Amino acid sequence: MQLGDHLRNIRESRDLKQTDVAKATHISNKILSNYERNICYPTIDNLIELCRFYQISADYLLMLTDKKTEPKTVEHDLYIIDKKILNILKILILKIISRKS
């Protein structure tokens, strides 16, 4: 099985259309179609986005393991929380700056 076939199987097992995945991941429908037809491979950024969307590990997506997800660690959870807090702070700072202008 090739990567594109695996991607299509994952999508279809969740009863999703390519357009659903395209909207959620901001990867164009044409690009997703090319991936699933084994015309080209996902970029690193798109690979990460697909893993996040499907909540699977990159190893699973790349068929390096049968385990769909990696066990999460406390450090991983803290990293995610820190990223979210930083994004919120950036938004707040931009709003404060825009009010002063």
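**A helical protein with one cavity**

In this predicted model, the count comes to 1 cavity of 30 Å³ or more. About 30 Å³ of space lies in the largest cavity. It is a convenient place to begin, and the overall fold gives the setting.

The protein has 6 helices and 0 strands. Followed along the sequence, its elements give the pattern α-α-α-α-α-α. Of the 101 residues in the protein, 26% are buried, where buried means under 20% relative accessible area.

Which residues line the largest cavity? The lining is formed by Leu 7, Arg 11, Val 21, Leu 32, Glu 36, Leu 50 and Tyr 54. Three helices, α1 (3–13), α3 (29–36) and α4 (44–54), each supply at least two residues of this lining. By residue class, the lining of the largest cavity holds 5 nonpolar and 2 charged residues, with no polar ones. Arg and Glu count as charged, so the charged members of the lining are Arg 11 and Glu 36. Val, Leu and Tyr count as nonpolar, a class that takes in Leu 7, Val 21, Leu 32, Leu 50 and Tyr 54.

The surface offers a further feature. A nonpolar patch is formed there by Ile 81, Ile 85, Leu 86, Ile 88, Leu 89, Leu 92, Ile 93 and Ile 97. Together these residues have about 730 Å² of accessible area. Residues belong to such a patch on the condition that they have over 30% relative accessible area and no salt bridge. Ile 88, one of the residues of the patch, is found in helix α6, which spans residues 74–100.

Note on methods:
Residues numbered from 1 in each chain as written. Predicted model: local features only at pLDDT ≥ 70, side-chain atom pairs only at ≥ 80, totals over all residues. Heavy atoms only, no water. 1 Å grid on protein atoms, 1.4 Å probe; cavity = no way out; pocket = protein on both sides within 12 Å on 5 of 7 lines; lining within 4 Å. Points joined across faces, edges and corners; volume = space filled by probe spheres on them. Helix = DSSP H or I, 4+ residues; strand = E, 2+ residues; numbered from the N terminus. Patch = residues over 30% accessible without salt bridge, like charges linked within 9 Å, V, L, I, M, F, W, Y side chains within 5 Å. Areas by Shrake-Rupley, 256 points an atom, 1.4 Å probe, with all protein chains shown as cover. Salt bridge = Lys/Arg side-chain N within 4 Å of Asp/Glu carboxyl O. Buried < 20%, exposed > 50% of the residue type's maximum accessible area, 1.4 Å probe, protein only.
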